[in-house]
Amino acid sequence: MIKILENISLIALCLIPISLLTGPFLPDLLLCISSIVFIVIVLKKKLFHYLKSKLLIFFFLYCLYLIILSIFSKHPQLSLESSLFYFRFGVFAVAISYFFQEKKFFVKYISISIFLSLLILLFDSLSVLVFEKSLSGNSYNGRVYTSFFYDEKIMGSYVSRLLPLMFFLVYYLTEGLKKNYTKYLLILIIYAASVFLVIMSGERTAIVILFVVSTLLFIIKFDKLSLIFVILFSTLFTSIIIFNSEYTSSILRGVVSESKISELKSNNFKFNLKDIRFPRDYYNIYKNSFNIFKDNYLFGIGPKNFREICKNNQYWANSSENSGCSTHPHHAFIQLLVETGLFGLIPVLIIFLYSIFKFFKNFYTKLFINKIDYNNNYLILLIPIIINLMPIIPSGNIFNNWLSIVYFLPIGFLLNYYIEKK
């Protein structure tokens with residue numbers, strides 16, 4: 001019975017990465033199946049130390065806090081849709097950590113799922129670019145391509161956010177190989193494919209994330225290969241900006257004025273930092289969020305309540321129209337401030353700052369003291385936390401099922417290093 005349950009949970013977990021291409025329903029269903037079955041395994045095998053982990057207990061308490069906020073919010077039924085079963089993502093991460101330790105073949109199978117999803121997106125994007133026909137049936141307008149995500153512009157986000165995990169898996173699976181060129185070749189192929197897909201997606205946020213990932217990997221490894229990443233990305237992206245004015249105008253629209261966009265199309269564009277402006281749509285959303293936060297600064301308004309509370313015109317940044325309202329504030333920290341208050345933001349902010357501290361502490365000791373504090377694989381797994389909570393870029397709904405899976409997938413592997421250390 002235990003073996004059957006483990007196989008069910010394993011299969012569900014390994015299918016999650018590739019199922020993310022289909023939308024939010026299927027991966028969330030697989031996550032629920034794997035988490036429920038894993039809890040049964042824990043009870044059957046009496047592996048209670050997994051559920052007694054301080055990190056997991058802290059996460060469950062945070063989830064309880066979210067549920068309480070939802071119950072006392074102005075729209076409890078709507079809010080509980082996000083918070084009531086949010087704890088499943090913590091169980092999902094612990095399940096990954098468990099199988100990572102106990103089943104050596106698990107890493108191979110989930111790696112196949114992740115790399116296969118990258119390969120599918122790559123073939124689909126190359127097909128639409130070269131033959132003007134795609135596997136997904138989607139079309140490319142020369143600026144933005146979404147592949148199997150269709151109306152959702154998240155292909156670049158999906159690839160760039162999972163890139164550190166893909167690098168970790170390559171390093172982990174190739175440990176012990178005498179010939180390093182196999183590992184380096186795989187990494188270069190994955191990186192080149194990721195750069196291509198992010199550029200095809202036309203997502204500004206994904207482009208920034210990819211550049212940050214490249215830079216952080218260079219800081220970790222501090223070798224020729226990681227330097228190639230930064231140079232390759234910068235060269236490719238700069239070349240596209242120079243030679244494809246339509247693509248560049250799409251990327252810059254909202255960040256610079258329309259007059260500058262016209263100059264760009266006529267090849268008379270002259271870059272000046274003064275021309276860059278904060279996107280008006282985001283400005284209105286953030287302004288509305290701040291106005292709501294001022295009235296609810298301790299505990300917020302409850303998860304998923306921004307879309308409803310924002311309809312109150314007393315919070316509008318522009319009183320003449322309903323501007324700055326959306327389903328969420330489009331920024332992780334701002335959303336936490338508005339919907340969970342200072343008490344909800346502080347724990348997440350501590351995790352973010354702790355990850356940055358660990359990351360750059362190792363860089364400092366390696367560069368100036370010639371000492372390595374942490375395993376490189378551990379540091380690579382810190383990158384997803386840094387980029388997912390990075391305050392300089394907008395983000396999706398932090399309580400969204402699809403995005404939460406992308407966030408918690410690397411955390412499952414990261415937990416293994418804390419357990420090993422303990």
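Start by selecting phenylalanine 60: this residue is partly exposed, with a relative accessible area of 28% (buried means under 20% relative accessible area, exposed over 50%, partly exposed in between, using a 1.4 Å probe and protein chains only). Before you go on, note that this is a predicted model, where local features need pLDDT of at least 70, side-chain atom pairs count only at pLDDT 80 or more, and totals for chains, interfaces and linings use all residues. Residues are numbered from 1 along each chain as its sequence is written, and side-chain values use heavy atoms, with hydrogens and water left out.

Now add phenylalanine 59, which counts as buried at 15% relative accessibility. The structure holds 32 aromatic pairs, and phenylalanine 59 and phenylalanine 60 form one that is tilted, at 6.4 Å centre to centre and 50 degrees between the planes. (Rings of Phe, Tyr and Trp, the last by its six-membered ring, pair if their centres lie within 6.5 Å; planes under 30 degrees apart are stacked, over 60 edge-to-face, and the rest tilted.)

For more rings, select Phe38, Tyr50, Tyr98, Phe99, Phe100, Phe106, Phe168, Tyr172 and Phe413, a cluster linked by ring pairs.

Next, zoom out and colour by secondary structure. You'll find 18 helices and 0 strands (DSSP runs numbered from the N terminus: helices are H or I with at least four residues, strands E with at least two). Buried residues make up 50% of the 422 in the protein.

Time for the inside. The largest nonpolar core has 107 residues, and Phe92, Phe106, Tyr158, Leu165, Phe168 and Phe413 touch the most other members. Its largest share, 12 residues, comes from helix H8 (residues 155-173). (A nonpolar core is a set of buried Ala, Val, Leu, Ile, Met, Phe, Trp, Tyr and Cys residues joined through side-chain atoms within 4.5 Å.)

Click leucine 165: leaving aside residues up to four places away in sequence, it touches Ile114, Leu381, Leu409, Pro410 and Phe413 (contact means heavy atoms within 4.5 Å). Apart from the largest core lies another, of 10 residues, including Ile292, Ile301, Ile309 and Cys310.

Stay with cysteine 310. Which residue forms a disulfide with cysteine 310? Cysteine 325 does, and the sulfur atoms are 2.2 Å apart (a disulfide is a pair of cysteine sulfur atoms within 2.5 Å). A search of the whole structure finds 1 disulfide, and the link is left-handed, with -95 degrees about the S-S bond. Cysteine 310 counts as buried at 0% relative accessibility, whereas cysteine 325 is partly exposed at 28%.
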